[in-house]
Amino acid sequence: MRCLLAVATVLILGAAPARAGRVVIEVVDTNGHPVADAVVSLAPMPGTTSRTIPAATRYVDQKDETFLPYVTALHAGDSVIFRNSDNTRHHVYSFSDMVKFEYMLGPGESSPALLMKNPGNAAVGCNIHDQMLTYLYVTKDPEMATTDAQGRASIDGVNDGQYRAHAWHPQLRPGVTLPIQGVTVSEAAPATVRFNLALLPDPRGAMDREHIGY
Amino acid sequence: MSRFRHAVAAIAVCLATPFASAQDVKVHAYADLRLTDAANDPSFVNGGPGRLRYGSGDTQARFGAAALVVTAQFTPALFALADMQLQQTDHASPQLTEAFLRYRPVSLSAWRASIKGGLYFIPMSLENEGIGWTSPWTITPSAINSWVGEELRGLGVEGREAWRGESGTLDFGGGLFRHNDVAGNILAMRGWSLSDLVYGVGGRLREPSDDGTREQYAPFQSIGGRTGWYADTGWKSTNGLDVRVLRYDNGADPRAYRLYADGDKLFAWRTRFWSAGASYVTGPVTWIAQGMDGDTEVQPHQRTLLTHFQSAFLLAGWNRGAWRPTLRVERFRTWPSGERGRALTAALNWRPSDWLRLTGEWLHVDATRDDRADAGFSPHERGNQLQLLARVLY
């Protein structure tokens, strides 16, 4: 009987939902201005059990000869689909070490789902419109978010525990060690992560009626 | 009709035929009106000794220029562009300033190659990156790029290879061209100018005249039938630095000539130069610098006349959203003509909408040139030109 009670106790405790908290993210540049499109991911430290995130499919649109969004964060195992919402053709391609592909997309067409197997990042361009540029960032970390125009993001439902937060942005100097900081997540109060990034100039070329980009 | 015009007509037909069937055809255009307060010296546009576009000290509203740029993407790798402009010189002059085909297949490695053929600008300007080879920074480009717009073009073929790395893109290329044998003539005969006039096929450059005659010539023609070349390399870093170096040699036979303008001889000018330029972005400020050093030679009647030319400028543009104040300083000289000068240009650009550009520009030039005395002017030229421009973009 005692043994049965002990097993029941273990099962009940194991089935109980883990306590979860909120992580608030803020990213600024060296002048204190908000940084949009920064990806912040959280890797659990030993002893912290992270939640399992199911694989998802993300979309990268092409509208007004611009990739939307500029940065797409994915988990390893997620897929990405490129969609052409312009009335002109696009030739989407990447020659990155992480993934190489090319898709010719007519108006209204979408690419097949492209599986992102490995972590890393990839610059994606259009061979017809050289000024178009977007980035894929793939991580093994279970928790991640991308900052908005105010340089802010948040992640809800993060299991309590200790994490190591990484920040990535396409305009970080190539080869630079990614900024890292520890964060403790608790149900009691939101944890705040603040990164200060030194960024290179925006590599996207100006494109308007004066800059026709040929 | 000259062979060059035949060649350009053939290119136009080659471009126009598949244009109709191309999936992606785009039309871009601009036209501008401007209020100008001119410098006192009569402009070179009217055969005068003044090196600015507008002269004779008058103030008036004018039509400046209009351009129609048509592009077509025939296949994912094959692209075409044609640029027709209407330039207001001493008369309204329609011209074909560019018409080329470019083949650039996609590459899934860091290396990407392309070839281009037709009539096109030699890749040396970091300043004139706007529609119809205009400058988005000022109305009037630097003396260097004013000359590029006047005399440097050719019917040619260019090959280019780019290596795209994490830290930047290294590219190098080169081209062979013809029909640019007169390049250098205007620098020797008139000297440097500061003007946004862009010439093309159909355009005529006017030489300075001290007796009121109207001597003009087509700047892009073959005299002597030789082939010129250029080679260039560039490094565009992710940190905002863009550096380019180019060597040009039109290969012209300096003894060859063609009769024009009442039996005068228009000689081929053997012109060679180095051009080096860089742009750098520091926060909201873009810096552009370019220098040119070269010479041009002609050999009429067994004599050799050699003109050396040099110019350099530094431009700073402050990118403040729709507003863009710009300041440019430059120096130029040719010798043995005794030409030496400097210019200061201040512009305030405002883009209240995507289809409209409003620019106010003040240009001050201070220069000397010995042969101004032949036209009864002091060798010393000091002038100010003020322009208020409204450019509609499509």
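**Exercise 1. Classify B:Asp171 by its surroundings in this predicted model.**

Step 1. Count the neighbours. B:Asp171 has 19 C-beta neighbours inside 10 Å, so the residue counts as partly exposed. The cut-off for a buried residue is 20 or more.

Step 2. Place the residue. B:Asp171 sits in strand β7 of chain B, residues 168–178.

Step 3. List the contacts. Neighbours within four places in sequence are left aside. B:Asp171 then touches B:Arg160, B:Glu161, B:Ala162 and B:Gly234.

Step 4. Take a distance. B:Val25 lies 146 residues away in sequence, and the C-alpha atoms of B:Asp171 and B:Val25 are 28 Å apart.

**Exercise 2. Describe the largest nonpolar core, then follow one of its helices.**

Step 1. Give the size. This core holds 49 residues. B:Ala143, B:Trp147, B:Ala268 and B:Trp269 have the most contacts inside it.

Step 2. Find the contributing elements. Those of chain B that give two or more residues include helices α2 (143–151) and α3 (185–189). Strands are also on the list, among them β11 (241–249), β13 (264–267) and β15 (285–298).

Step 3. Set the other core apart. Another core, of 44 residues, lies apart from the largest one. Its members include A:Leu42, A:Val80, A:Leu105 and A:Ile128.

Step 4. Return to α2(B). How many of its residues are buried? Nine of nine are, and the helix is mostly covered. Among the buried residues are B:Ala143 and B:Trp147, but also B:Asn145, B:Glu150 and B:Glu151.

Step 5. Name the packing partners. The buried residues of α2(B) pack against α3, β8 (205–206), β15, β16, β17 (323–335) and β18 of chain B.

Step 6. Zoom in on B:Trp147. Beyond four places in sequence, B:Trp147 touches B:Leu152, B:Leu187 and B:Trp192.

**Exercise 3. Trace the strand pairing from β3 to β5 in chain B.**

Step 1. Start with β3(B), residues 78–88, and β4(B), residues 92–103. These strands pair antiparallel over 11 bridges.

Step 2. Find the link. A hairpin of three residues joins β3(B) to β4(B).

Step 3. Pick a facing pair. B:Met84 stands opposite B:Leu96 of β4(B).

Step 4. Move on to β5(B), residues 111–120. Strand β4(B) pairs with β5(B) over five bridges, again in the antiparallel sense. Here B:Tyr103 has B:Ile115 as its bridge partner.

**Exercise 4. Summarise chain A, then work out its five-strand sheet.**

Step 1. Take the overall figures. Chain A has one helix and 16 strands. Its C-alpha atoms fill a box of roughly 80 × 40 × 25 Å along the principal axes. Of its 214 residues, 33% count as buried.

Step 2. Check the range of the contacts. Take those in chain A with a separation of 6 or more: 65% of them link residues 24 or more positions apart.

Step 3. Order the sheet. It is open, with five strands in the order β5-β11-β10-β7-β8 and mixed pairing. Which strands are at the edges? They are β5 (71–75) and β8 (100–105) of chain A, each pairing on one side only. The twist averages 20° from one strand to the next.

Step 4. Inspect one pairing. Strands β7 (90–95) and β10 (120–126) of chain A run antiparallel and share two bridges. A:Tyr93 is partnered by A:Gly125 of β10(A).

**Exercise 5. Sort the side chains of strand β6 in chain A, then find the strand's partners.**

Step 1. Split the faces. Along β6(A), residues 79–84, the side chains alternate. A:Val80, A:Phe82 and A:Asn84 point to one face and are buried. A:Ser79, A:Ile81 and A:Arg83 point to the other face and are not buried.

Step 2. Link to the core. A:Val80 belongs to the core of 44 residues.

Step 3. Name the parallel partner. Six bridges join β6(A) to β3(A), residues 57–63, and the two run parallel. A:Arg58 has A:Val80 as its bridge partner.

Step 4. Name the antiparallel partner. Two bridges join β6(A) to β9(A), residues 114–115. In that pairing A:Ser79 stands opposite A:Leu115.

**Exercise 6. Characterise the contact between the chains.**

Step 1. Count both sides. Chain B contributes 28 residues and chain A contributes 20.

Step 2. Locate the chain B side. Strands β1 (24–37) and β2 (59–73) of chain B each supply at least two residues. β2(B) gives the most, with three.

Step 3. Sort by class. The side of chain B that touches chain A has 12 nonpolar, 11 polar and five charged residues.

Methods:
Residues numbered from 1 in each chain as written. Chains lettered and ligands numbered in written order. Predicted model: local features only at pLDDT ≥ 70, side-chain atom pairs only at ≥ 80, totals over all residues. Core = buried A, V, L, I, M, F, W, Y, C linked by C-beta atoms within 7 Å. Buried ≥ 20, exposed ≤ 12 C-beta atoms within 10 Å, placed from the backbone. Helix = DSSP H or I, 4+ residues; strand = E, 2+ residues; numbered from the N terminus. Contact = placed C-beta atoms within 7 Å. Pairing = 2+ DSSP bridges. Nonpolar A, V, L, I, M, F, W, Y, C, P; charged D, E, K, R; others polar. Axes fitted to C-alpha atoms, helices over the stretch in contact; angles between N-to-C directions.
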